[in-house]
Amino acid sequence: MILPIHAYGDSVLRKEADEISAEYPNLKELIDNMFETMYASHGVGLAAPQVGLPIRLFVVDASPFEEDDPNLKGFKRVFINAYIVDEEGDEWEFEEGCLSIPGIREKVSRNEKITIEYMDENFELKEETFDGLAARVIQHEHDHTDGILFVDLINPFRRRLLTKKLSDISKGKVDADYRMKFPKKR
Ligand code: ZN
C-alpha cells in the first residue's frame, strides 16, 4: 500500500523518533509499504517520520546510483534503531532532495564515511561502515529520525532564499507526482 508522504512543516518531521521493539505492530507490513511508497515516488530512501510515524526506522535502496558507484548495485537495506556512531573523512558536497520537500534540491556538505549501529528487519544487531553515496543516503535518512532535514544543513543565505518556497510546501502549494499530506492545507 502506498502511504501519503508528510510534507515540510509537519511536526512529525521535527521529533526525535523513538526506538521500537520486534513486537511493533505490523512491522513487516509497514516496511513493505515504505518500500512501495519510496519506489512509487522514485526516492532512494524513506524514513518512518515521513509517513507520519515518529519511530527510528528507515529504508534505503540506492541502486539507482549504481551508474555512479558500482558498489551500490542492489544496495537495499532496512535500518531499525540506527545510530551513526562515527563520521570521518573529508566533507564533500552533493545535491540532495527530499520526498517531504518536493521541488527543492540543494548542495549539502557531509563527511565521506560513517559507521552505523542498527538492527536489520530481523532485529539482528549490526555495525557497518559505509562511504560515498551509500553513506550519503544513510546520513540523510538517519537525520530524519533525529528530526533534522537537509535544508537545516545548507548555508544560511541559501536557506533564507527558500523561506517562501518552504512555507508554500507546508500549505500544499507545490506540485508532486506522488501522494502527500500537507500540515497547513485548508
Ligand atoms: Zn528526506
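## Buried or not?

A residue counts as buried when its relative accessible area is under 20%. By that yardstick, 48% of the 186 residues in this chain are buried. One thing to keep in mind as you look around: this is a predicted model.

## The chain as a whole

Let's start with the big picture. The chain has 4 helices and 7 strands. Walk along from the N terminus and the elements come in the order β-α-β-β-β-β-β-α-α-α-β. The radius of gyration is 16 Å, close to the 16 Å that the globule rule gives for 186 residues, so the chain is as compact as a globular protein of that length. If you draw a box around the C-alpha atoms along the principal axes, the box comes out at roughly 45 × 40 × 30 Å.

How far apart in sequence are the residues that meet? Take the contacts between residues at least 6 apart in sequence: 65% of those join residues at least 24 apart.

## Surface and charges

On the outside, the chain exposes about 9,700 Å². Carbon and sulfur atoms supply 47% of that area.

As for charges, the chain carries 25 positive and 37 negative ones. Average the positions of each set, and the two mean positions lie 11 Å apart.

## Three strands side by side

Now for some strands. Strand β4 covers residues 76–96, and strand β3, residues 57–61, pairs with β4 in the antiparallel sense over 5 bridges. To find a spot where these two meet, look for Leu57: its bridge partner in β4 is Ile80.

β4 also pairs with strand β5, which spans residues 106–119. This pairing is antiparallel too, and it runs over 12 bridges. Here you can pick out Glu96, which stands opposite Glu106 in β5.

## A closer look at Thr37

Thr37 sits in helix α1, the stretch of residues 27–40. Is Thr37 buried or exposed? Its relative accessible area is 2%, so Thr37 is buried.

What does Thr37 touch? Leaving aside residues up to four places away in sequence, Thr37 is in contact with Met1, Ile2, Leu3, Ile5 and Leu46. Ile2 makes a nice example of how the chain brings residues together: Thr37 and Ile2 are 35 residues apart in sequence, yet their C-alpha atoms are 4.7 Å apart in space.

Definitions and conventions. Residues are numbered from 1 along each chain as its sequence is written. This is a predicted model: local features need pLDDT of at least 70, side-chain atom pairs count only at pLDDT 80 or more; totals for chains, interfaces and linings use all residues. Side-chain values use heavy atoms; hydrogens and water are left out. Two strands pair if DSSP finds at least two bridges between them. Buried means under 20% relative accessible area, exposed over 50%, partly exposed in between (1.4 Å probe, protein chains only). Contact means heavy atoms within 4.5 Å. The radius of gyration is taken over C-alpha atoms; the globule rule is 2.2 Å times the number of residues to the power 0.38. Accessible areas come from the Shrake-Rupley method with a 1.4 Å probe; for residues, only the protein chains shown count as cover. Lys and Arg count as positive and Asp and Glu as negative; His and the chain ends are not counted. The place of a charge is taken as NZ of Lys, CZ of Arg, CG of Asp or CD of Glu.
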